[in-house]
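Trainee: Could you give me a close look at one part of this model, its largest nonpolar core? Which residues have the most contacts inside it?

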Amino acid sequence: MRLENKVAIITGAASGFGEGMAKRFAEEGARVVVADLNAKGAERVAQEIGDSAIWTQTDVSLRSEFDEMVYAAKNAFGRVDIMVNNAGYTHRNGDLLGVDEETFDLITAINMKAIYHAALAVVPIMDRQGGGVILTTASTAGLRPRPGLTWYNASKGWAITATKSMAVELAPKNIRVNCLCPVAGETGMLEKFMGADTPEIREKFRASIPLGRLSTPLDIANAALWLASDEAAFITGVALEVDGGRCI
């Protein structure tokens, strides 16, 4: 039970990587706050986990909703040990000049500003508790950007740099900060990443991954579990590639 007696908040947890993390964390003893803008999905995931989970409808672009989410966590479970910034957004693969300003603003609000909101909401709590873990879902796109997803790539590069800087600054408070860099996986955003979802395009994506497949929610959940656990007590500031060799 690697997360026994730990409380984890996971955003974007109604599906995909976030759902995988929520269920995997609960299997290892964590009490989990399943947070998502999709209320029905969040409720479903929490119900499937059982008594060790609650759900909140949360728009991570708004500080007020972050505060409500953290209040719900403390009210239900008494503390916050792990904050997972997993909610994400992207534009469709294509010309960088074709991305409208509204979409660009959503990308920066969800992929970037939400990390700022999370820090303001949970760092004081973790400091009083004597430490904690902040984990962000970044992307291989932030390490090896490719044409077609320029503004998404940039947001994930920002997330990686923020992770490293936060890790250095928060280390004296015993707060570890890391991020995951998944390759494209079976999530609701896959079609936008690829531009279109056809067997030919899927094969093109798979061909770029040495281990020969896309990532799965379980792949990402297992990596997140290790970084969140005490087994990784000396690991901070890391952008962990969970990519089947894609970034080599």
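Mentor: Contact here means heavy atoms within 4.5 Å. This is a predicted model, where local features need pLDDT of at least 70 and side-chain atom pairs pLDDT 80 or more, while totals for chains, interfaces and linings use all residues. Numbering starts from 1 along each chain as its sequence is written, and side-chain values use heavy atoms, without hydrogens or water.

Let's start at Val80: beyond its neighbours within four places in sequence, Val80 touches Val7, Ile9, Val70, Ala73, Lys74, Val122, Ile125, Met126 and Gln129. The largest nonpolar core (buried Ala, Val, Leu, Ile, Met, Phe, Trp, Tyr and Cys joined through side-chain atoms within 4.5 Å; buried is under 20% relative accessible area, with a 1.4 Å probe and protein chains only) has 35 residues. To answer you, Ile9, Phe66, Val80, Met83, Val122 and Ile134 have the most contacts inside this core. At least two core residues come from each of strands E1 (7-11), E2 (31-36) and E6 (175-182) and helices H3 (63-77), H4 (101-129) and H5 (150-170); these are DSSP runs numbered from the N terminus, helices (H or I) of at least four residues and strands (E) of at least two. H4 gives the largest share, ten residues. A second, separate core has 30 residues, including Ala8, Met21, Phe25 and Leu135.

One more buried side chain deserves a glance. His91 sits in the loop between strand E4 (82-85) and H4, and its relative accessible area is 3%. Leaving aside neighbours within four places in sequence, its contacts include Val99, Thr103, Ile107, Trp151 and Tyr152.

Note on methods:
Buried means under 20% relative accessible area, exposed over 50%, partly exposed in between (1.4 Å probe, protein chains only).
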